[in-house]
Amino acid sequence: MPANQRRLELADCLDHVIQGDARTVLARLPDQCVHCIVTSPPYFGHRVYAKEETSQEMGREATVSEYVERLTQSLAEARRVLRQDGTLWLNLGDTYRRGVLQGVPWRVALRLSEAGWCLRSDIIWQKPNAMPAAVTTRPTTDHEYVFLFSKSAPYYYDADAIREPHVTFTEKSKMRGGRRHFGVRNGTPEQGKNAGNMNLHHARWDQAFHPRGRNKRTVWPVPLGKCREAHFAVFPEKLIEPCLLAGCPREGVVLDPFLGSGTTAMVAKRLGRHFIGIELVAEYVELSLRRIQSVQPELPL
Ligand SMILES: C[S@@+](CC[C@H](N)C(=O)[O-])C[C@H]1O[C@@H](n2cnc3c(N)ncnc32)[C@H](O)[C@@H]1O
């Protein structure tokens, strides 16, 4: 059997970047060996990555339906590689054709649901520094999606790792002083200085206001970053940090089958997670290796 078709052991690919077509390489990986998948495949009809034309490159399909089908098939192979309690965090942007929005991310999400994935969240990546667009017939797009899918139920999701600050009662708020109920069983801001305020309902505030912050919301404002070396469509580290923290335990394994310039692997290394990267274009494999090498782990493995 040729070396590029042989089954791979986990040790062969852990913390490695493998060059090749995602679907073909995934077919060589062991079953259920990764905790989560964080990835951004080429968007339909956006840009060309490989200098020489190759039918293996995703995103160049003639129709949206062909694109959706091909991505679904690649992710079916990724599903086999994912642990039973694992999650897929899929970043996708949409495409206009002759001024008509194609709805590609949702077409993919619905097709993946049909294929057995459980859609758990449609996170909006809002880009505060999105490029201006010369359009006057519709609003300027400043968002993309990050779909969270699980393979099954129950699934691993560490909500505590990505809590965000409560905003209801800041020190400047008229409710200041009302924070003492946080984390206190039966503590409610309706008592004490706020007694009689009918705008407040009697509820389990000790549960609603978790002492470590509120549950992560679904709109994530994250500015687009810069990658000094040439690669288009690098996603910001801040966008995927929550995906890795909530989706993969320390020392677990994160897979990105469309690794590009290596952002997923860099964040994994920094946060004390293992990675497996797959990338079609040799030039980007080299770029990703340089970028991964430059990372200092904050949380050791
Ligand atoms: C949107 S970019 C990923 C960017 C990445 N998230 C980053 O931060 O750099 C998509 C990548 O998928 C690669 N690609 C395209 N078709 C592929 C295929 N069939 N298998 C594996 N990688 C592929 C492209 O070369 C490109 O680098």
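Reader: What percentage of the 301 residues in the chain is buried?
Author: First, a caveat: this is a predicted model, where local features need pLDDT of at least 70 and side-chain atom pairs count only at pLDDT 80 or more, while totals for chains, interfaces and linings use all residues. A residue is called buried if 20 or more other C-beta atoms (placed from the backbone) lie within 10 Å of its own, exposed if 12 or fewer do, and partly exposed in between. Of the 301 residues in the chain, the buried share is 32%.

Reader: How many helices and strands are there in the chain?
Author: Residues are numbered from 1 along each chain as its sequence is written. Helices (H or I, at least four residues) and strands (E, at least two) are DSSP runs, numbered from the N terminus. Going by those runs, the chain has 8 helices and 10 strands.

Reader: Which residues of H3 are buried, and where do they sit around the helix?
Author: H3 covers residues 64-81, and its 26 Å from first C-alpha to last is close to the 26 Å expected (1.5 Å times one less than its number of residues). The buried residues are Tyr67, Leu71, Ser74, Leu75, Ala78, Arg79 and Val81. Seen down the axis, the directions from that axis to their C-beta atoms fall within an arc of 155 degrees, so these buried residues line one face of the helix.

Reader: Which residues of H3 are exposed on the other side?
Author: An α-helix has 3.6 residues a turn, so residues three or four places apart point the same way. On the side of H3 away from the buried residues, the exposed ones are Ser65, Glu66 and Gln73.

Reader: What covers the buried residues of H3?
Author: Contact here requires two C-beta atoms, placed from the backbone, to lie within 7 Å. The cover for the buried residues of H3 includes two helices and three strands: H2 (22-26) and H4 (104-114), plus E2 (34-39), E3 (82-92) and E9 (253-256).

Reader: How many of the 11 residues of E3 are buried, and in which sense does E3 pair with E2?
Author: In E3, 8 of the 11 residues are buried, so this strand is largely enclosed by the rest of the structure. Strands pair if DSSP finds at least two bridges between them, and E2 and E3 have 5 bridges. To find the pairing by eye, look for Thr39 opposite Leu90 in E3. The sense of the E2 and E3 pairing is parallel.

Reader: Which strands pair with E6 (118-126)?
Author: With E7 (143-150), E6 pairs in the antiparallel sense over 8 bridges, and Cys118 stands opposite Ser150 in E7. On the parallel side of the story, 3 bridges join E6 to E8, where Trp125 has Trp220 as its bridge partner. That gives E6 the partners E7 and E8.

Reader: What do the buried residues of H6 (237-247) pack against?
Author: The buried residues of H6 are Leu239, Ile240, Cys243, Leu244, Ala246 and Gly247. They pack against E2, E3, E6, E8 (219-221), E9 and H7 (263-270).

Reader: Which residues does Ala161 touch?
Author: Ala161 is in the loop between E7 and H5 (205-208), and with 18 C-beta neighbours inside 10 Å it counts as partly exposed. Its C-alpha is 5.9 Å from that of Ala246, although the two are 85 residues apart in sequence. Leaving out residues up to four places away in sequence, Ala161 touches Leu245 and Ala246.

Reader: Which residues that are not a glycine have a positive phi?
Author: One has a phi of about 45 degrees and sits in the loop between H2 and E2; the other has a phi of about 70 degrees and sits in the loop between H6 and E9. The one in the H2 to E2 loop, Gln32, is partly exposed with 15 C-beta neighbours inside 10 Å, whereas Glu251 is exposed with 12. These two residues are Gln32 and Glu251.

Reader: Where is there a cis peptide bond?
Author: Look in the loop between E7 and H5, the place of Pro154. The omega is about -5 degrees, and the bond joins Ala153 and Pro154.

Reader: How many residues surround the ligand, and which are the closest?
Author: A residue belongs to the shell if its C-beta atom, placed from the backbone, lies within 6 Å of the ligand, and 22 residues surround it. By class there are 13 nonpolar (Ala, Val, Leu, Ile, Met, Phe, Trp, Tyr, Cys and Pro), 3 charged (Asp, Glu, Lys and Arg) and 6 polar (the others, Gly among them). The closest of the 22 are Tyr49, Phe258, Gly260, Ser261 and Thr263.
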